[in-house]
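Trainee: Could we go through this one together? I'd like to hear the reasoning behind each label.

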Amino acid sequence: MIAFLTAVLASGVRTGTSVLFATLGELFTERAGVLNLGVEGMMLMGAMTGFGVTWLTGNPWLGILAAMVVGGMMALLHAFVALVLRAEQVVSGLALTFLGSGLSAVLGSPLVEVRQVDRIPTWPVPFLSQIPVLGPILFDHNFLVYIGFLLVPLCWFWIYRTRQGLELRAIGENPAAADVQGIKVMRQRILYVAFGGVLAGLGGATLSLALTPTWVEGLISGQGWVAVGLVIFAGWDPIRAMFGSYLFGALRRLPIDLQNFARFRANPSIGYFTGMLPYLFTIVALLTVSIGDIGRRWGAPAALGRAYVREDRDA
């Protein structure tokens, strides 16, 4: 049983890394007061771009970089429509998801036949990977998992322990007051939206280059929507976002790991049920914080989803 739990947790960390990147990106975007429901589309474009560039160049790190650039560019499109043109943020985000889904399907169609590309290498940490239980869970992964480990505390420190983080929280809570203090609200919101897109692109490339090195249409399978839900579940906090992402990863891998037991292998309906668990978990989290005033008490930025221009303050 210990070996089984170790395998499940290790798989959860590995599988949850892609959604962790996307969740952190959406967390920063929403902390800045902008709602971006285009995470799914940005992840799809990141996964397709990363896989395609890696196939063309033979260098997965160039694929990762290209995926991050494409994700950032798509997020800037959302920023232009939602912040500059002041369109409805929900509609703009949904349009971005449709755009990413369609573009990735069309541009990625030649990549469906590709069966072999270089992938992000796995690097067991010397000595630490040999520790019983903890070694396989934390120290026997590909490099992107370790980047995720480092990124979470850096994000937490940026939000809660730096002046820039204080400004980020201010523009998400009360942009008019932040503007009075000399903070460039529009510029910072655009930059944080772009940063969220960069991380969403990285999350997509993590899936296509480290977890399942392939490309098929719809590869992300709803993980972008899960990332949006996990931001709410985490209360807009990076540490809780990390645990939520790894929990999602473990639940997503659970049906596969349960096939090692004859009882589950002989009853496929159990596998179908366990396959629903990560998405059911996300829906429950979304519904819980959407009831009444729970979302506000949970930690949602007060100005989330509301456009702001200086003329509104002056009026």
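Mentor: Sure. Let's start with H6 and H9, which are roughly antiparallel to each other. Bear in mind that this is a predicted model.

Trainee: What makes H6 and H9 roughly antiparallel?

Mentor: The angle. Helix H6 (residues 143-161) and H9 pack at about 160 degrees, and angles over 145 count as roughly antiparallel, so the pair earns that label. Their axes are 12 Å apart.

Trainee: Which hand does the crossing of H6 and H9 have?

Mentor: H6 passes H9 in a left-handed crossing. On the H6 side the contact uses Leu144, Leu151 and Trp158, and on the H9 side Tyr192, Leu199, Leu202, Thr206 and Ala210.

Trainee: How do the residues of that contact divide by class?

Mentor: There are seven nonpolar, one polar and no charged residues in the contact of H6 with H9. Thr206 of H9 is part of the contact, and Thr is not on the nonpolar or charged list, so Thr206 counts as polar.

Trainee: Now H1 and H9. Why are these two called roughly antiparallel?

Mentor: By the cut-off we used before. Helix H1 (residues 2-31) and H9 pack at about 170 degrees, with axes 7 Å apart. Anything over 145 counts as roughly antiparallel, so H1 and H9 get that name.

Trainee: Which residues meet there?

Mentor: From H1, they include Arg14, Phe21, Leu24, Gly25 and Phe28. From H9, they include Tyr192, Phe195, Gly196, Leu199 and Gly203. By class, the contact of H1 with H9 comes to twelve nonpolar, eight polar and one charged.

Trainee: What makes Gly25 and Gly203 polar in that tally?

Mentor: Just the convention: Gly is counted among the polar residues, so both glycines go in that class.

Trainee: And H2 with H3: at what angle do they pack?

Mentor: Helix H2 (residues 39-57) and helix H3 (residues 60-84) pack at about 150 degrees, with their axes 7 Å apart. Since 150 is over 145, this pair also counts as roughly antiparallel. H2 passes H3 in a right-handed crossing. Among the residues that meet are Gly46, Thr49 and Gly50 of H2, and Gly63, Ala67 and Gly71 of H3. The contact divides into ten nonpolar, eight polar and no charged residues.

Trainee: What about empty space: how many cavities of 30 Å³ or more are there?

Mentor: One, and about 30 Å³ of space lies in the largest cavity. Its lining is Leu83, Val185, Met186, Arg189, Ala307 and Tyr308. H9 (residues 185-211) gives the most to that lining, with three residues.

Trainee: How do you know that one lining residue of the largest cavity is charged?

Mentor: The split is five nonpolar, no polar and one charged. Arg is on the charged list, so Arg189 is the charged one.

Trainee: Which residues lie closest to the centre of the largest pocket?

Mentor: That pocket holds about 230 Å³ of space. Of its eleven lining residues, the closest to the centre are Thr15, Leu211, Thr212, Arg252 and Arg253. H1, H9 and helix H11 (238-257) each give two or more residues, and H11 gives the most, with three. The lining divides into four nonpolar, three polar and four charged residues.

Methods: Residues are numbered from 1 along each chain as its sequence is written. This is a predicted model: local features need pLDDT of at least 70, side-chain atom pairs count only at pLDDT 80 or more; totals for chains, interfaces and linings use all residues. Side-chain values use heavy atoms; hydrogens and water are left out. On a 1 Å grid over the protein atoms alone, a cavity is a set of points where a 1.4 Å probe fits but cannot get out, and a pocket is an open set with protein on both sides within 12 Å along at least five of seven lines; lining residues have an atom within 4 Å of a point. Grid points are joined across faces, edges and corners, and a volume is the space filled by probe spheres set on the points. Helices (H or I, at least four residues) and strands (E, at least two) are DSSP runs, numbered from the N terminus. Axes are lines fitted to C-alpha atoms, for helices over the stretch in contact, and angles run from 0 to 180 degrees between N-to-C directions. Angles under 35 degrees count as roughly parallel, over 145 as roughly antiparallel, 65 to 115 as roughly perpendicular and the rest as oblique. Contact means heavy atoms within 4.5 Å. A crossing is left-handed if the near helix is turned anticlockwise from the far one by less than a right angle, and right-handed if clockwise.
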